[in-house]
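This report walks through selected features of the model shown below, and it is best read with the coordinates open alongside.

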Amino acid sequence: MYELTGVTKNYRKGRGTVAALAGVDLRIEDGEWLAIQGPTGHGKTTLLQVLGGLDRPSSGTVDFGGQNLAALRENQVNRVRASSIGFIFQTFNLIPTLTAQENVEAALVPLGVSTSQRRARAARALADVGLADRARHLPSELSGGQQQRVAIARALVKEPMVLLADEPTGNLDETTRDEIIGLLEKLWREHGLTLILVTHDSTVAGRAQRIGLMQHGKLSIRQDTRR
Amino acid sequence: MFFTYLRRELRRRMRQAVFIALGLAVGIGLVITVTAASAGVAQAQGTVLHALYGVGTDITVTKAPAANSGGPFGFRIRRGPSGSGQRPKAGTTFSRSTLLNRALGTLSSSSVTTISGLHGVAAAAGALSLTDLAISGTIPSAPTGGSGGAGFGSGPSSIKTSTFTVNGTQLSAGEVGPLGSGKITSGRTFTSSDAAADVAVLDSGYATQHKLTTGSKIDVAGTGFTVIGIVSQPQGGSPADVYIPLGRAQVLAGMKNQVNTVYVAASSAATIPAVSREISAALPKSTVTTSADLASEVTGSLASAASLARNLGKWLAVAVLAAAFLLASLLSMSAVARRVREFGTLKALGWRSRRIIGQVLGESVVIGAVGGLAGIALGFGGAALVSRLAPALTASLGQATGTATPGGARAFPGGGPPGGGPGGFRRLAPDAASVITVHLSAPVTAGVIVLAVVLAIAGGLLAGSFGGWRAARLRPAEALARVE
C-alpha cells in the first residue's frame with residue numbers, strides 16, 4: 001500500500017529550520033492497522049498529512065499504490081484523496097451549515113456521483129455508523145461521539161483504500177472513545193481497510209496490529225502485534 | 001450541493017451578508033440616482049437646446065455681418081412723382097414696408113448644396129432671418145438746412161414704425177430648419193407646392209398678440225400673405241414672428257440666391273464634430289455653431305445642476321461604490337479567514353480549489369445580486385425623490401458674444417434704431433437673453449438598470465475573487481492546522 005523512503009519534512013521557523021520528519025522509512029501493507037504514538041510536536045500529524053497527500057515532503061518518496069504522491073501535481077493528488085483516502089480528525093471537522101447527511105454527501109461531490117446515488121450511499125454510510133435517525137441534524141445538534149460517527153461515515157462513504165485518523169478519540173470521553181474505536185475496528189475488518197491512526201492513547205494504540213513511535217521526526221516500530 | 005451549501009452559508013452569516021448587500025445597494029442606488037439625475041439634466045439641456053435650435057438640427061452655419069453693415073439707416077421718401085426734385089409736401093401721408101437683413105452676413109444658396117454634399121450630413125436647409133420694418137406717417141415740415149431726400153433722423157412723433165421678424169424657410173428640408181421644433185396648432189405647415197405662393201405660417205405668440213388666425217392676411221414687405229398655419233415653438237427660443245417660403249423672402253428682400261442661416265442635421269451625434277470641421281473647411285468665413293457650443297453658453301441653475309451632477313454627483317457615487325466594493329471584499333476575505341479549516345477539510349475530501357473558489361464566488365455574487373436589486377429599488381426611490389423635490393431649473397443663454405445663433409436673442413452693436421439715432425440694432429426678440437424654466441426629472445433608463453446589474457455582479461465577483469483567491473492559496477495541511 002505505502003512505501004516511504006527517506007521522507008523528510010522541514011519547516012522554517014524564524015531564521016532556523018525545524019525537521020518535522022527526519023528521514024522516515026516505512027512500509028505499510030494493504031489492510032494493515034498501524035497506530036502511531038509519540039509526544040506532541042514530534043511529527044505524528046505531519047507524517048499522517050504526508051501519507052494523505054495533504055502536505056508534500058521536503059525530500060524522499062511516498063509511494064502509494066504505485067504512485068509517488070510527492071511527485072504528483074496538485075490536481076492528481078486531489079483525485080487520489082477524493083477516491084482512495086479517507087480522513088478522520090480529532091475535532092471532527094464537519095461543515096457546520098450542512099446536515100449529517102449532507103456532510104457525508106460532501107465526500108462524494110468530487111467524484112461526480114449523481115445526486116440520487118449520493119443520497120443513497122450517504123444514508124447507507126450513516127446507517128453503518130448507527131446514525132440513520134440523525135441524518136437531518138446539523139453538527140451542532142449532535143454529541144461529540146455522534147459527530148465523530150458522522151465523520152467516520154463521511155470518510156468511508158467513498159469506500160477508500162486507506163483511512164487516516166488523527167487523534168479520532170482525542171475529544172471524547174472514555175465510553176464514547178471505546179464505542180468509536182470499536183466501530184473503527186469493525187469497519188476496518190468489514191471493509192478490509194488500511195487504517196493508520198495517530199493517537200496519544202495507549203489503549204487505543206493497543207488495538208492496532210503495529211505501533212510506531214515518532215520521536216524527533218524519526219519513526220521506529222515499537223511493537224508488532226499483527227493479529 | 002452547491003446551492004444547498006451556498007444557501008446555508010448565507011443563512012449562517014445573514015447579518016454580515018445583509019450588511020455587505022446594503023453597502024452595495026447604497027453604492028448602486030447612488031450611481032442610479034446620480035446617473036438618472038444627470039440624464040434628467042441632459043434631457044433638460046436638450047429641451048433648452050431644442051428650443052433654441054430646432055429639433056433635428058445639430059449644426060447651424062451663419063456668417064458675421066460685414067463691418068459697418070449695422071450702421072445708421074433710414075427711409076428715403078422719393079421726391080415728388082414728377083421728379084421735380086422737390087421734397088414731398090408737408091402733410092403728405094405715406095406707408096412703406098421693407099425686409100431687412102441686418103443681423104447676419106449672407107451666404108450663397110449654393111452653400112446649402114455644398115454642405116448637403118459633405119460626408120456625415122443627413123440634411124441641410126437654408127433660411128433667411130429677416131426683419132420687416134414698416135413705417136408710416138405724415139411728412140413733417142422741412143427741417144432747416146435739409147436738402148435732397150427727406151431723412152427721418154429726427155422724425156417727429158407723427159411717424160410710426162413697426163417691426164416683426166420674418167423667416168424665409170426652405171420647404172424641402174423635412175425636420176431640419178426653424179420650423180423643425182415647432183408644433184402646428186392650427187392650419188397646416190408649408191408643402192413644396194407653396195414655394196412660390198404668398199402664404200405664411202405665424203408664431204402662435206405673434207398671432208395671439210395681433211389677433212391673427214388661419215386665413216388672415218398679413219403684409220410682408222408690402223405684399224399680402226395668407227396665413228395658412230399657426231406654429232407653437234418651444235419655450236425659451238426666440239422664434240420668428242412670421243415664416244414664409246424662402247424663395248419669396250429672397251425676392252422680397254432682394255436677396256436672390258442668398259441665405260443667412262444654414263441648418264444642418266448630422267447623420268449621427270458622433271459625427272457632429274467631424275461635420276462641423278468639414279463645414280468650416282468648406283466655408284472658411286462662416287461661423288459654425290453646434291449644439292455643444294450652445295450648451296456651453298447655457299448658464300443659470302440648469303448649468304449649475306449639470307455641473308453638480310457631472311462633478312460632485314459622479315465622484316460621490318464612485319467613492320461610495322468603491323467603498324462598498326472595498327467593504328464587501330474585506331468582509332468576504334474575513335469570512336474566508338474564518339472558514340479556513342472548513343476549506344482545508346473540503347480539500348482533504350478531494351474538493352478542488354476551483355470548486356471552493358466557485359462556492360465563495362457564488363456566495364458573493366448572490367450577495368451582490370441582492371445588493372443590486374436593493375440598489376435598483378433605492379435608485380428608483382432616489383430618482384423619484386429628485387424628480388419630486390428638485391426645484392425648477394432655469395437656463396439662460398448669454399448674448400452679445402459675437403456669434404450669430406439662429407433664433408437666439410442677440411444684440412449686434414453698431415446698428416441704429418429706425419430713425420438713425422445712435423445705439424445698437426437689436427434683432428427683434430422678446431427679451432435680451434433667453435431664460436427658460438425647466439422642471440428636472442430623473443429618468444431611470446434600461447441602460448442604467450443594466451449598469452446596476454453589471455455593477456452588482458462585478459462587486460460580487462470582485463469581493464468573491466479576493467476571498468476565493470485567499471481560499472485557493474491555502475495548503476490543506478496549513479488550513480487544517482489553523483486553530484479557530
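Where is the place of Ala221(B) in chain B? Ala221(B) is found in the loop between strand E8 (217–220) and strand E9 (223–232) of chain B. The model is a predicted one, and in it the phi of Ala221(B) is near 50°, a positive value in a residue other than glycine. Ala221(B) counts as buried because it has 22 C-beta neighbours inside 10 Å, where 20 or more are required for that label.

A comparable case occurs in chain A, where Asn93(A) has a positive phi of about 50° although it is not a glycine. Asn93(A) lies in the loop between strand E6 (85–88) and H3 of chain A, and it is buried, with 23 other C-beta atoms within 10 Å.

**The sheet of chain A**

Chain A contains an open sheet of four strands in the order E2-E1-E4-E5, with antiparallel pairing. Its edge strands are E2 and strand E5 (67–68) of chain A, each of which pairs on one side only. Helix H1 (residues 44–51) of chain A packs on this sheet, touching E1, E2 and E4 of chain A, and the direction of the helix makes about 60° with that of E2(A).

The strand pairs of this sheet are set out below, each with its number of bridges and one pair of facing residues.

| Strand pair | Sense and bridges | Residues opposite each other |
|---|---|---|
| E1(A) and E2(A) | antiparallel, 10 bridges | Leu4(A) and Leu26(A) |
| E1(A) and E4(A) | antiparallel, five bridges | Glu3(A) and Asp63(A) |
| E4(A) and E5(A) | antiparallel, two bridges | Phe64(A) and Gln67(A) |

In terms of sequence, strand E1 of chain A covers residues 2–13 and strand E4 of chain A covers residues 59–64, while strand E2 of chain A covers residues 16–28. E1(A) and E2(A) form a hairpin with two residues between them, and Gly14(A) in the turn has a positive phi of about 65°.

**Chain B and its helix H11**

Chain B has 12 helices and 18 strands, and of its 484 residues 44% count as buried. Among contacts in chain B between residues at least 6 apart in sequence, 86% join residues at least 24 apart.

Helix H11 (residues 446–473) of chain B has 28 residues, and the distance from its first C-alpha to its last is 40 Å, close to the 40 Å expected at 1.5 Å a residue. The buried residues of H11(B) include Val448(B), Leu455(B), Phe466(B) and Ala471(B), and among them are also the glycines Gly459(B), Gly460(B), Gly464(B), Gly467(B) and Gly468(B). As background to such a list, an α-helix has 3.6 residues a turn, so residues three or four places apart point the same way.

**Where the chains meet**

How many residues does each chain bring to the contact? Chain A gives 19 residues and chain B gives 18 residues. On the side of chain A that touches chain B, helix H2 (74–84) and helix H3 (100–106) of chain A each supply at least two residues, and the largest share, four residues, comes from H2(A). By residue class, the side of chain A that touches chain B divides into nine nonpolar, six polar and four charged residues.

Conventions. Residues are numbered from 1 along each chain as its sequence is written. Chains are lettered from A and ligands numbered from 1 in the order in which they are written. This is a predicted model: local features need pLDDT of at least 70, side-chain atom pairs count only at pLDDT 80 or more; totals for chains, interfaces and linings use all residues. Two residues are in contact if their C-beta atoms, placed from the backbone, lie within 7 Å. Ala, Val, Leu, Ile, Met, Phe, Trp, Tyr, Cys and Pro count as nonpolar, Asp, Glu, Lys and Arg as charged, and the others, Gly among them, as polar. Two strands pair if DSSP finds at least two bridges between them. The expected span of a helix is 1.5 Å times one less than its number of residues. A residue is buried if 20 or more other C-beta atoms lie within 10 Å of its own, exposed if 12 or fewer, and partly exposed in between; C-beta atoms are placed from the backbone. Axes are lines fitted to C-alpha atoms, for helices over the stretch in contact, and angles run from 0 to 180 degrees between N-to-C directions.
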